[in-house]
Amino acid sequence: MTSSVKRRRRIFAATVYAILIVGAAIFCFPIFMLLSRSLMTTVESTVVPAKFFPSVLQWHNYVDIFKAVGTLEGTSYWWLWFKNTAVLEVMVIAGTVLSSVWVAYGFTRIKFPGRNFVFAVVMGTMMIPSTVTMIPLYTIFSDLNWLNTLHPLIWPMWCGGGAVNIFLVVQFLRTLPRELNESARIDGANEFKIFFRIVLPAAVPILTAVGVGAFVGVWNDLVNPLLYLNTKDMWTLALGVSTLNVNVGEIGGIPYVFAACTIFSLPPIVLFTFAQKYFIESVVMSGIKG
Amino acid sequence: MRDKTKVKLKRTVTGYVFLLPVIIGLALFTVLPLVKSFYYSFTEYNNITPPINVGLQNYKDMWSQMFFTKSVINTFVYAFISVPLGLFCSFFLALGLNAKLKGIKVFRALFYLPVILPAVASGILITDLFSYTYGIYNRIFMALGLGRFAFFTSEKTAMLSLIVYSLWGMGSSMLIWLAGFKSVSDTYYEVAKIEGGGPVWTLLHVTVPMTTPTIFYNLIMGIINSLQVFTPVYVITSGGPNGSTSTLAYMIYTFGMSYRKMGLASAMAWFLFVIIMALTLFVYKTNKWVYYEGGKD
């Protein structure tokens with residue numbers, strides 16, 4: 001009896017494993033090909049039919065790609081793109097994290113007229129497609145003389161970091177016990193003191209998730225850099241990498257483009273490995289992206 | 001008594017100090033653009049010369065633009081097929097990945113890997129792997145005797161390829177299912193066991209009904225997001241060949257940014273907005289558990 005149950009269990013496990021292994025192989029095959037083709041010679045990458053493996057691993061592709069995009073007054077565009085992306089990351093993560101918890105504090109910890117109305121309006125903005133505001137935002141930033149600067153990508157994120165992030169932090173703050181506030185108030189602390197001394201430290205877990213989401217959002221964003229950053233020296237890494245494919249010939253072939261894509265993909269993957277919990281949280285809470 | 005109103009006033013002022021960033025953001029980056037966009041949609045505008053009033057002309061003219069009708073259809077086809085299909089497939093994937101087996105976390109990570117890959121990199125990669133001549137998939141398909149396909153470069157298969165490509169990212173909906181499964185209390189499963197329900201019965205009568213609300217919400221939000229699909233279209237197909245993968249968002253970008261026909265593009269954007277609003281209203285009418293609920297405490 002028990003042995004038959006055990007056997008059935010083992011068969012079940014084996015079946016699930018078999019299906020998962022086949023599935024994972026199919027899902028990861030393109031990523032394997034990304035690595036494989038990034039290590040081929042240019043000639044190898046154009047062989048018909050396509051090859052699965054390089055005959056000799058061309059590690060130097062990963063060095064050569066850094067010389068392939070050209071320079072501006074002696075500075076590689078890679079460096080400029082990296083610098084722009086780094087500045088954006090720092091400014092956007094700081095803005096999103098700080099302003100979302102600041103705003104969420106107002107929505108949850110202080111009671112005053114109009115609060116729920118503003119919250120409803122903010123949540124309502126989730127339904128506004130970004131395509132509707134795209135053109136007027138462009139003209140507004142153009143009027144502000146912000147085109148071809150990083151400002152249009154930074155400052156909107158200092159206004160709460162978007163409805164989804166506000167919602168996430170609000171939900172989290174609601175789970176914190178109210179007594180925290182009350183006892184602090186009795187001790188004579190004002191709201192700002194309570195915010196910085198009590199609520200901000202307590203919100204670190206959710207803010208980590210928000211920060212991770214903001215990092216990936218900036219790293220992967222193509223649309224906004226495409227809209228606002230015109231000259232090559234102002235581009236971000238994502239925008240720079242997206243153009244490599246267009247000038248494959250100039251770059252020196254697919255292996256170089258793939259080497260760049262691999263390097264570019266590493267930071268989010270590394271972050272995922274180390275901050276899986278927060279990463280998953282930010283995905284589950286904000287739903288499927290289009 | 002006077003003290004009380006003073007405290008109240010102080011609290012209100014403090015409250016608005018905390019809400020100030022979001023109020024500024026709403027005014028500057030949401031309300032003002034909405035008003036402007038609505039106004040532009042009735043004008044001819046190129047961001048250089050002042051807008052010229054043309055009434056409803058844009059809303060009429062957009063239908064005669066090349067690929068516009070096609071784009072509307074494409075947008076619907078993409079959103080209403082890829083999202084439900086992704087949720088459906090990822091349901092079974094999540095069931096497998098919910099099994100209590102050794103190393104299951106590694107598998108979850110592997111299925112999630114394509115989602116983490118930046119869209120720019122994954123777009124470039126997929127374009128190459130599905131290339132007619134140099135693509136590895138055509139080598140595999142030829143070896144299997146299925147013949148050679150043009151995938152993204154043929155009018156017949158481009159949209160289908162884009163939808164299949166979107167399934168590669170089903171790791172994110174898998175996570176949502178997994179979270180949904182976890183939210184179902186163990187007591188339900190215990191009761192099902194006591195009642196003598198087998199695994200399939202439990203799945204259909206406990207797991208599915210219990211996770212439906214989350215999933216329905218995600219289905220609608222997913223469709224709303226997918227109606228705005230832009231990046232894969234831009235990176236992989238540029239809307240081609242012959243407009244077969246052009247979407248509304250791609251049209252709005254092309255007309256507004258490339259051709260500088262900002263009035264026409266704004267009209268297209270409002271057309272999309274109305275569709276999305278209708279969908280959203282539908283959600284609120286059919287469900288009371290959406291986000292607003294939490295706003296009152």
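Domain bounds here come from an automatic or database domain assignment. On that basis, chain A is divided into domain 1 (2-65) and domain 2 (69-244). The C-alpha centres of these two domains of chain A lie 37 Å apart. For chain B, the assignment gives domain 1 (1-39) and a domain 2 written in pieces, 67-118 + 167-253 + 265-295. In chain B the C-alpha centres of domain 1 and domain 2 are 34 Å from each other. Keep in mind that all of this describes a predicted model.

**Where the chains meet**

Let's turn to the interface. The size of an interface is often given as the accessible area lost when the parts come together. For chain A and chain B, the buried area comes to about 8800 Å², and carbon and sulfur atoms give 78% of it. In terms of residues, 100 from chain A are in contact with 98 from chain B.

How many salt bridges are there between chain A and chain B? The count is two. A salt bridge links the side chains of B:Lys36 and A:Asp143, at 3.8 Å from N to O. There are also 13 residue pairs in polar contact between chain A and chain B, counting pairs with both residues at pLDDT 80 or more. As for who supplies the chain A side, helix H1 (residues 2-38) of chain A gives the most, with 15 residues. Sorted by class, the side of chain A that touches chain B has 72 nonpolar, 19 polar and nine charged residues.

**Two spots on the chain A side**

A:Thr139 is a nice one to click on. This residue sits in helix H6 (residues 130-143) of chain A. Is A:Thr139 buried or exposed? Buried means under 20% relative accessible area, so A:Thr139, at 1% relative accessibility, counts as buried. Its side chain makes a polar contact with the side chain of B:Lys36, at 3.5 Å. B:Lys36 is also the residue whose side chain meets that of A:Asp143 in a salt bridge. Setting aside neighbours within four places in sequence, A:Thr139 is in contact with B:Lys36, B:Tyr40, B:Tyr45, B:Asn47 and B:Met262.

The other spot is A:Ile269, in helix H15 (residues 254-274) of chain A. Which residues does A:Ile269 contact, leaving aside its neighbours within four places in sequence? They are B:Leu113, B:Ile116 and B:Leu117. Within chain A, the C-alpha atoms of A:Ile269 and A:Asn145 are separated by 36 Å, with their positions 124 residues apart along the chain.

**Backbone oddities**

Next come a few points about the backbone. A:Val48 and A:Pro49 are joined by a cis peptide bond, with omega at about -5 degrees. A:Pro49 belongs to the loop between helix H2 (42-45) and helix H3 (61-64) of chain A.

Chain B has residues with positive phi that are not glycine, including these two:

| Residue | Phi | Loop in chain B | Relative accessible area |
|---|---|---|---|
| B:Phe67 | about 70 degrees | between helix H2 (57-61) and helix H3 (68-97) | 26% |
| B:Asn242 | near 50 degrees | between helix H11 (231-237) and helix H12 (248-258) | 42% |

How do they sit relative to solvent? Partly exposed is the range between the 20% and 50% cut-offs, so B:Phe67, at 26%, is partly exposed. B:Asn242 is partly exposed as well, with a relative accessible area of 42%.

Conventions:
Residues are numbered from 1 along each chain as its sequence is written. Chains are lettered from A and ligands numbered from 1 in the order in which they are written. Side-chain values use heavy atoms; hydrogens and water are left out. Contact means heavy atoms within 4.5 Å. Buried area is the accessible area (1.4 Å probe) that two parts lose on being put together, summed over both. A salt bridge is a side-chain nitrogen of Lys or Arg within 4 Å of a carboxyl oxygen of Asp or Glu. A polar contact is a pair of N or O atoms within 3.5 Å; within protein, one must be able to donate a hydrogen and the other to accept it, and residues adjacent in sequence count only if both atoms are side-chain atoms. Helices (H or I, at least four residues) and strands (E, at least two) are DSSP runs, numbered from the N terminus. Ala, Val, Leu, Ile, Met, Phe, Trp, Tyr, Cys and Pro count as nonpolar, Asp, Glu, Lys and Arg as charged, and the others, Gly among them, as polar. Buried means under 20% relative accessible area, exposed over 50%, partly exposed in between (1.4 Å probe, protein chains only).
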